[in-house]
Amino acid sequence: MLYNKFSDYLKMKYGTKVYKLPVNIPVTCPNRDGKVSRNGCIFCGEEGAGFENLPNSLSVSEQIRQNSKYIGENYKSERFIIYFQNYSNTYLSYDNFSKYIHEACVEGVVAIYISTRPDCIHDRYLELLKTIKEEKGIDIVLELGLQTVNYHNLKYLNRGHGLAEFIDAVIRIRRYGLESCAHYISDLPMDNFDDVVEGARILSALGVNQVKCHSMYILKDTVLGNMFEREEIEPLPLESYIERTISFLEYLDPEIVIQRLIGRAPEERTLFCNWGTSWWKIKDYIEEKMDREGRSQGNRFGYLNGSRCLKNI
Ligand code: SF4
């Protein structure tokens with residue numbers, strides 16, 4: 001096994017094909033509405049991450065109905081993960097959060113994935129999710145934007161939170177019997193190779209359950225986009241992304257599920273994305289290189305629990 005693939009994990013866990021259905025709710029982000037900052041992360045487009053969603057004027061139930069009809073007919077699946085994708089989906093009143101999450105608990109749903117920021121995780125919301133998991137048997141995964149563990153570069157990216165909030169969020173989520181997924185960019189030009197390796201080591205030490213890798217993409221009318229147009233920042237070459245991602249995987253606990261090796265960006269307003277190559281080709285390049293060089297997820301894992309110093313004592 002080269003790495004712990006999400007599709008294999010889903011098949012093993014649910015015994016059938018499972019598809020993620022994106023759901024878009026009227027929510028914003030504290031890094032955009034002024035609570036933390038008005039500028040957002042330097043790479044963030046106005047849609048947050050959810051550029052492929054149905055409009056949030058539709059109810060959660062209607063979005064699930066439309067998306068599941070399409071997926072069910074085209075991919076022959078009757079089991080779904082509801083994915084609250086855009087912006088920070090726990091950054092809303094408790095009552096609204098509860099209403100939207102309950103609306104997502106419908107027939108065929110095996111899990112709810114909720115994308116949010118590490119500084120938007122709160123005990124009261126986690127308690128609610130724990131109850132849903134226990135009463136309805138629906139798995140809950142909180143997807144946390146992190147991107148780098150280098151706290152200087154978290155500042156550079158204007159993330160508006162440090163590493164401490166991420167660590168707290170992961171520990172807190174696990175305390176409630178829920179799961180976490182970290183979003184990670186391994187080719188940030190301001191990060192060096194050691195930052196990427198330390199990223200894998202920290203996620204492993206924390207016991208994060210899943211990881212979603214993506215490359216740095218650059219959108220027009222963002223701070224990063226303006227820097228790129230002024231030639232103040234230069235994306236790393238594709239070879240660096242491939243090598244960094246493989247090294248990241250090598251240091252990662254092999255139990256951690258890899259949701260994806262590379263993401264996609266919106267085609268409109270994109271100044272730079274995936275070196276002008278399709279995401280699936282880059283995924284193939286990574287897998288081929290791993291295979292050719294005999295490298296796999298976790299083959300450099302084994303640094304926790306005193307295992308380097310106390311192995312033979
Ligand atoms: S946390 Fe997410 S939605 Fe908020 S500014 Fe950053 S990338 Fe955009």
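In the predicted model, helix α7 passes helix α9 in a right-handed crossing. The axes of α7 (residues 193–206) and α9 come within 8 Å of each other, and the angle between them is roughly 35 degrees. On the α7 side, the contact is formed by F193, V196, V197, G199, A200 and R201, which meet R244, S247, F248 and Y251 of α9. Sorted by class, the residues of this contact comprise 6 nonpolar, 2 polar and 2 charged.

Helix α9 (residues 238–251) also packs against helix α10 (residues 279–292), with axes that come within 10 Å and cross at roughly 60 degrees. An angle from 65 to 115 degrees would count as roughly perpendicular and one under 35 degrees as roughly parallel; α9 and α10 are therefore oblique to each other. The crossing of α9 and α10 is right-handed. From α9, the residues I242, T245 and I246 take part in the contact, and from α10 the residues Y285, I286, K289 and M290. The contact of α9 with α10 contains 5 nonpolar residues, 1 polar residue and 1 charged residue.

The strands considered next belong to an open sheet of 7 strands, arranged in the order β1-β2-β3-β4-β5-β6-β8 with parallel pairing. The edges of the sheet are occupied by β1 and β8 (257–260); each has a single partner strand, so one side of each is left without a neighbour in the sheet. On average, and with direction ignored, neighbouring strands of this sheet are turned by 25 degrees against each other.

At the β1 edge, strand β1 (residues 18–23) pairs with β2 in the parallel sense over 6 bridges. Among the bridge partners, V18 is matched with R79 of β2, and V23 with F84 of β2. Strand β2 is in turn joined to strand β3 (residues 109–116) by 5 bridges, and β2 and β3 run parallel. In this pairing, I81 stands opposite A111 of β3, and I82 stands opposite I112 of β3.

Burial was assessed for both β2 and β3. In strand β2 (residues 79–84), 5 of the 6 residues are buried, so this strand is largely enclosed by the rest of the structure. In β3, 7 of the 8 residues are buried, and β3 is therefore likewise largely enclosed by the rest of the structure.

A further buried position is found in helix α4 (residues 123–136), which contains L129. L129 has 23 C-beta neighbours inside 10 Å and therefore counts as buried, the cut-off being 20 or more. When residues up to four places away in sequence are not counted, L129 touches I140, Y176 and L178. L129 and L178 are 49 residues apart along the chain, and their C-alpha atoms are separated by 7.9 Å.

Conventions
Residues are numbered from 1 along each chain as its sequence is written. This is a predicted model: local features need pLDDT of at least 70, side-chain atom pairs count only at pLDDT 80 or more; totals for chains, interfaces and linings use all residues. Helices (H or I, at least four residues) and strands (E, at least two) are DSSP runs, numbered from the N terminus. A residue is buried if 20 or more other C-beta atoms lie within 10 Å of its own, exposed if 12 or fewer, and partly exposed in between; C-beta atoms are placed from the backbone. Two residues are in contact if their C-beta atoms, placed from the backbone, lie within 7 Å. Axes are lines fitted to C-alpha atoms, for helices over the stretch in contact, and angles run from 0 to 180 degrees between N-to-C directions. Angles under 35 degrees count as roughly parallel, over 145 as roughly antiparallel, 65 to 115 as roughly perpendicular and the rest as oblique. A crossing is left-handed if the near helix is turned anticlockwise from the far one by less than a right angle, and right-handed if clockwise. Ala, Val, Leu, Ile, Met, Phe, Trp, Tyr, Cys and Pro count as nonpolar, Asp, Glu, Lys and Arg as charged, and the others, Gly among them, as polar. Two strands pair if DSSP finds at least two bridges between them.
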